[in-house]
Amino acid sequence: DIIRRQRWIRELDIPSGQTTQIVVGSSEETDEEILEAAAWEYREMKLRRVYYSAFQPLPKTPFERRDRTPLEREHRLYCVDFMMRKYGIPHTEFRDILVNGNLPEGDPKIHLAKATLDGPVDVNTAEYEELLRVPGIGPRSAQRIIGLRKCKVAISSRSQLKNIGVVLRRADPFIKIEGRTQTTIREYLT
């Protein structure tokens, strides 16, 4: 019934578009199933946005004895959804980081970078799609990096990256500038 109504709204072609909400954890579904459903909704129903809500049991309902879904799970789904919508990363790419069908604890973009990047990315040669997979680099800063390259300007310092919007504390382990990576004391001692 919901899908039928969504199709009807899609055919109306409302300028503001339509959204939907998924209650996470109410029926023991995996994150993979949720992401597949969201990807289908974006593709087939032309949704503008999917919202996620962590399940919370209510007294005197059939689900009152079910466990509450941690808010961290909702947050991880929002992170992946953002990367699907804004970065164009397909939901299937996140399968590489799933554990028993669910996203692992922590930042999904960091897990994705560790799983998909062969090592630190050279900011002066990496393709746009590769830059997007680096934590701390979003579409705008990736476009700025590519723009500098088109103007024959090489990035030679971390401060240049910071000035164009790269979040260095997140990006440092995944980038190299002129062949160099940022090293931590822990890495130096091991």
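This passage describes the fold, helix contacts, pockets and aromatic pairs of one protein chain, taken from a predicted model.

The protein chain contains 9 helices and 4 strands. Along the sequence, these elements follow the pattern α-β-α-β-α-α-β-α-α-α-α-β-α. When the chain is placed along its principal axes, its C-alpha atoms fill a box of roughly 60 × 45 × 25 Å.

Two helix contacts involve helix α2, which spans residues 31–44. The first is with helix α1, residues 2–12; the axes of α1 and α2 come within 11 Å and cross at roughly 35 degrees. On the α1 side, the contact is made by I3, Q6, R7 and R10, and on the α2 side by W40, E41 and E44. Grouped by class, the residues of this contact are 2 nonpolar, 1 polar and 4 charged.

The second contact is with helix α3, which covers residues 71–87; here the axes of α2 and α3 come within 11 Å, and the crossing angle is roughly 35 degrees. The crossing of α2 past α3 is right-handed. From α2, the residues D31, I34, L35, A38, A39 and Y42 take part, and they meet R73, L77, V80, D81, M84 and R85 of α3. This contact has 8 nonpolar residues and 4 charged ones, with no polar residue.

Helix α3 also contributes to the largest pocket. The space in this pocket amounts to about 200 Å³. Its lining consists of 13 residues, and those nearest the centre of the pocket are F82, Y87, K109, G136 and R170. Among the contributors to the lining, α3 gives the most, with 4 residues. The lining of the largest pocket divides into 6 nonpolar, 4 polar and 3 charged residues.

The second largest pocket has a volume of about 160 Å³. The residues that line it are G25, E28, R66, D67, R68, T69, P70, E72, R73 and R76. By class, this lining holds 7 charged residues, 2 polar residues and 1 nonpolar residue. R73 thus appears both in the lining of the second largest pocket and in the contact of α2 with α3.

Aromatic rings were examined as well. A pair of aromatic rings is described by the distance of the centres and the angle of the planes. The count for the model is 3 aromatic pairs. One of them is formed by Y52 and Y78, whose ring centres are 5.2 Å apart and whose planes stand at 90 degrees, an edge-to-face arrangement. The two residues of this pair are 26 residues apart and belong to distant parts of the chain: Y52 is in strand β2, residues 49–54, and Y78 is in helix α3. Helix α3 therefore recurs in several features, by the element assignment used here: the contact with α2, the lining of the largest pocket and the aromatic pair with Y52.

How values were computed
Residues are numbered from 1 along each chain as its sequence is written. This is a predicted model: local features need pLDDT of at least 70, side-chain atom pairs count only at pLDDT 80 or more; totals for chains, interfaces and linings use all residues. Side-chain values use heavy atoms; hydrogens and water are left out. Axes are lines fitted to C-alpha atoms, for helices over the stretch in contact, and angles run from 0 to 180 degrees between N-to-C directions. A crossing is left-handed if the near helix is turned anticlockwise from the far one by less than a right angle, and right-handed if clockwise. Contact means heavy atoms within 4.5 Å. Ala, Val, Leu, Ile, Met, Phe, Trp, Tyr, Cys and Pro count as nonpolar, Asp, Glu, Lys and Arg as charged, and the others, Gly among them, as polar. On a 1 Å grid over the protein atoms alone, a cavity is a set of points where a 1.4 Å probe fits but cannot get out, and a pocket is an open set with protein on both sides within 12 Å along at least five of seven lines; lining residues have an atom within 4 Å of a point. Grid points are joined across faces, edges and corners, and a volume is the space filled by probe spheres set on the points. Rings of Phe, Tyr and Trp (its six-membered ring) pair if their centres lie within 6.5 Å; planes under 30 degrees apart count as stacked, over 60 as edge-to-face and the rest as tilted.
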